[in-house]
Every structure is written in C-alpha cells, then in structure tokens.
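Colleague: I've got a model open and I'm not sure how to read it. Could you walk me through a few features?

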Amino acid sequence: MITVVGTGTGAPVPEDVLAGAELVVGGRRHLDAVHLPGNVERVVLGALAPALDTIAEYVEKERPVVVLASGDPGFLGIVRVLAERFGSERLDVRAGVSSVAAAFARAGLPWDDAVVVSAHGREPRTAVNVCRAHPKVAVLTGPGAGPAELGAALRHTGRVLVVACALGDPELERVERVTPAEAAARDWGTAVSVVLCLDPERALGAVRTVAGPAPGPAGWALDEADFAHRDSMITKFEVRALALARLGPRLGDLVWDIGAGSGSVAVECARLGAAAVAVEKARDGVERIRANAAAHGVDVHVVHGAAPTVLSDLDDPDAVFIGGGGRELPAIVTACARRARRTVVVAMAALDRVPAAREALTGAGFSCDGVLLQSSRLAPLPGDVTRLAATNPVFLLWGVRNPVYREGVAQ
C-alpha cells in the first residue's frame with residue numbers, strides 16, 4: 001500500500017502514518033517538516049520518473065511507502081500519476097485542504113463557482129486567457145508563471161489579484177491583495193502557491209446548486225435583435241453559426257474579432273468561454289461593443305483602432321474572425337495568419353476580395369476552405385401567408401493549422 005498524505009496547508013502528518021513507513025517520498029520542505037527514524041529511506045521529489053522507479057522497488061517487495069504532497073493530492077496533484085503507475089487500489093489517500101480552498105478561505109470568498117487552472121510547468125497563456133474571460137479564477141503558479149508574469153499580462157483587465165504565498169507555513173505565509181500592475185512590479189520569490197484573479201464586481205457570484213464555472217450558453221448564433229447594431233451592420237446569425245463552428249472558441253483560448261462592428265462574434269466567443277478581443281475603428285462602434293458585452297454578461301476587451309496597425313500590441317490569438325477590412329483586407333488576413341495559432345475565418349460580401357484573402361491564407365501555410373452562404377428567411381405577408389426573404393450572400397473562408405491542444409485546466 002502507498003499512503004499519500006496531503007500536507008503543507010496547516011495540517012500535520014499523522015504520526016501513525018509515518019510509524020511503519022520504510023520509504024518516504026516528498027518535496028524537501030515536506031520532508032524537513034517531519035521527524036523520521038534513521039533507517040527510513042527518503043527520496044526528495046525532483047524529477048518524477050526516478051522517484052516512481054524507487055517506489056516501484058518497494059511496492060514489488062510489499063514494503064510500505066508514504067508519499068507527502070501539498071494540500072489535496074487528488075486535485076491537480078500526484079494521485080493521478082501514482083494511480084496510473086500502480087493502480088488506484090494500492091493507494092490510501094489522506095487528503096488535506098487544497099491550496100486553492102485555503103487561498104479562497106484566507107480571502108473570505110466562496111469558490112464553488114471558480115475556475116482552477118494550473119500554470120505549473122506549462123505556458124502561462126492558457127491561465128492568462130482563463131483569467132481574462134472569467135470573473136473568479138485560481139491559478140496554481142510555477143516558475144515563469146507567477147504573480148509578476150500574470151500581473152503583466154492582466155494589466156488592462158480591471159482584475160484584482162490575491163497572492164497567497166507559503167500557505168500553511170506559520171512563519172512565511174502571507175496573503176496580499178494587489179492590482180495586476182503592482183504584482184508585475186514585484187519579486188515574489190519562489191514560495192508562491194496560488195494566485196486568485198477576481199473581477200471585483202462579480203467576486204461573490206450568485207448562489208449555486210452546481211459547483212464549477214457557469215454552464216455554457218443554452219443557445220448560440222443569437223438573433224441579430226439580441227445585439228445593438230447600426231443599419232443592420234452585423235454578422236447574420238447563419239454566418240455567425242458557421243463562423244463559430246470553425247473558430248471553435250473554448251476555455252483557455254484567445255479570439256480576435258477584427259472589424260467587429262457590433263461585436264456579435266466576440267460576444268458569442270466569450271459566452272462559449274474564450275477570452276475575446278474586439279478591434280473596431282469607429283468610436284461609436286467601440287461603445288456599442290462594450291454595451292453588447294455588458295448586456296450578455298461577458299468580458300470583451302475592445303481595442304479602438306484600425307487593423308492591421310493595432311494588432312502588434314495584442315497577444316497572439318488561437319483563432320481570428322475577420323468581418324471587415326475593406327481594401328486593407330489582404331494585409332489584415334496576412335497579419336492575422338502570421339499570428340494565429342489555430343484558425344482564421346474571413347467573412348466577405350464582395351466577390352472581388354475572395355481570391356486575395358484565399359491567397360493570403362494559403363501563403364501563410366494554412367489549409368484553406370470556404371463556402372458561399374445564401375439563406376432565405378420566413379417573412380410574413382398580408383393575408384396570414386408567408387414568403388421567403390433572401391439575405392445577402394456572404395463568402396466565408398477559413399484557414400486551419402494543425403490543432404493546438406490545451407492542458408492544465410480543471411473545472
């Protein structure tokens with residue numbers, strides 16, 4: 001039997017667990033915090049593979065092993081690896097308080113509606129995008145993805161960070177509430193375990209009956225009437241439906257909506273869990289996008305300016321929707337294709353612009369496909385009869401790279 005003990009957030013390791021152990025494995029700070037007889041072998045967790053091989057030697061001889069882990073070892077912890085290697089039936093897991101639960105407790109906040117993402121040993125961009133899109137996020141930090149890096153990426157979001165360092169340590173623990181700019185300007189050392197990223201206006205959240213982030217939308221490709229727009233200048237719902245299917249917005253993604261107009265595509269991407277940026281050159285359009293995002297209860301970062309000029313200041317997107325651009329469209333498509341990690345979708349009403357857009361996508365190494373969308377909607381006529389009213393045809397092109405997968409998100 002392998003006994004896995006969660007510690008490090010205030011709970012001591014039970015003496016009876018250590019009494020019969022012949023091998024104890026854990027981080028250096030965990031091993032230093034317990035008293036072990038001299039005949040017990042210790043393995044300091046660094047590289048995981050050698051530690052697992054040592055555990056295997058003891059398991060084969062049916063000699064008792066104890067693994068010390070942080071908080072709840074079944075929550076983004078070592079239990080998964082141990083169960084895969086040795087089988088869950090060999091594990092006796094003594095869960096402690098997870099560092100996420102402890103951090104929210106120190107902040108005095110409920111966390112049944114939080115999203116938890118691990119940035120430990122991973123690129124921080126997924127964690128950053130989750131923080132941009134959701135009002136309550138806990139980030140498990142790591143080297144290169146600590147409070148300073150998160151703060152630098154979240155400067156313009158209006159979020160508040162709660163930095164929980166060395167949770168459970170009576171001498172070193174500290175919990176501080178800072179702005180992203182303040183977090184970016186400091187050296188936090190190596191003892192950070194959790195950063196909470198909060199929208200101060202929505203940090204409490206609503207009463208929930210199901211834990212986790214709010215469920216996805218009940219419907220998508222919303223009717224144009226659900227958005228404020230000017231003179232029907234909005235991506236029609238039939239076009240938006242296929243565009244969303246090709247964009248594939250999801251938790252941890254960043255999506256650009258270029259020439260956003262009403263921001264309907266950006267808002268729908270945000271409703272589906274992605275972080276969304278809307279680029280719009282008209283001042284009244286900027287305010288309209290913000291109003292539409294607020295009406296649908298999502299965060300959309302709106303950039304006032306013309307593409308491709310303003311794109312250089314934005315983080316690389318996973319997917320891009322281009323719904324405007326005029327004569328600059330080929331340059332915009334090229335600029336977006338150079339930066340997009342997965343997909344670029346282009347909507348065009350003008351036939352003349354299709355070849356140049358297609359050439360820009362294929363020239364950037366994308367596989368390209370497209371369709372001409374023509375639809376007719378039911379419309380009433382006098383006498384309680386119905387006719388078909390044709391909408392304007394729209395060309396939809398999309399370029400696709402090889403899929404980019406995301407890891408480390410827990411809901």
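Modeller: Sure, let's go through one residue and then one strand. Keep in mind that this is a predicted model.

Colleague: Let's start with Asn129. Is Asn129 buried or exposed?

Modeller: For that, you look at relative accessibility, and under 20% means buried. Asn129 has 1% relative accessibility, so it counts as buried. You'll find Asn129 in helix α6, which covers residues 125-133.

Colleague: Which backbone oxygen does the side chain of Asn129 reach?

Modeller: That of Gly252, at 3.1 Å. Beyond its neighbours within four places in sequence, Asn129 is in contact with Gly252, Asp253, Leu254, Ala275 and Asp318.

Colleague: Leu254 is part of strand β11, right? Why is β11 described as largely enclosed by the rest of the structure?

Modeller: Check its residues, 254-258: five of the five are buried, so the strand is largely enclosed. Now look at where they point. Leu254, Trp256 and Ile258 go one way, while Val255 and Asp257 go the other, and all are buried.

Colleague: Which strands does β11 pair with?

Modeller: One is β12 (residues 275-280), in the parallel sense over five bridges. There, Ala275 is the bridge partner of Leu254, and both residues are also on the contact list of Asn129. Another is β14 (residues 319-322), again parallel, over four bridges. In β14, Val320 stands opposite Trp256.

Colleague: And what kind of unit do β11, α10 and β12 make?

Modeller: A right-handed β-α-β unit, with residues 264-271 forming helix α10.

Methods
Residues numbered from 1 in each chain as written. Predicted model: local features only at pLDDT ≥ 70, side-chain atom pairs only at ≥ 80, totals over all residues. Heavy atoms only, no water. Helix = DSSP H or I, 4+ residues; strand = E, 2+ residues; numbered from the N terminus. Buried < 20%, exposed > 50% of the residue type's maximum accessible area, 1.4 Å probe, protein only. Polar contact = N/O pair within 3.5 Å; in protein donor to acceptor, adjacent residues only side chain to side chain. Contact = heavy atoms within 4.5 Å. Pairing = 2+ DSSP bridges. Right-handed = clockwise from strand over helix to strand, strands pointing away.
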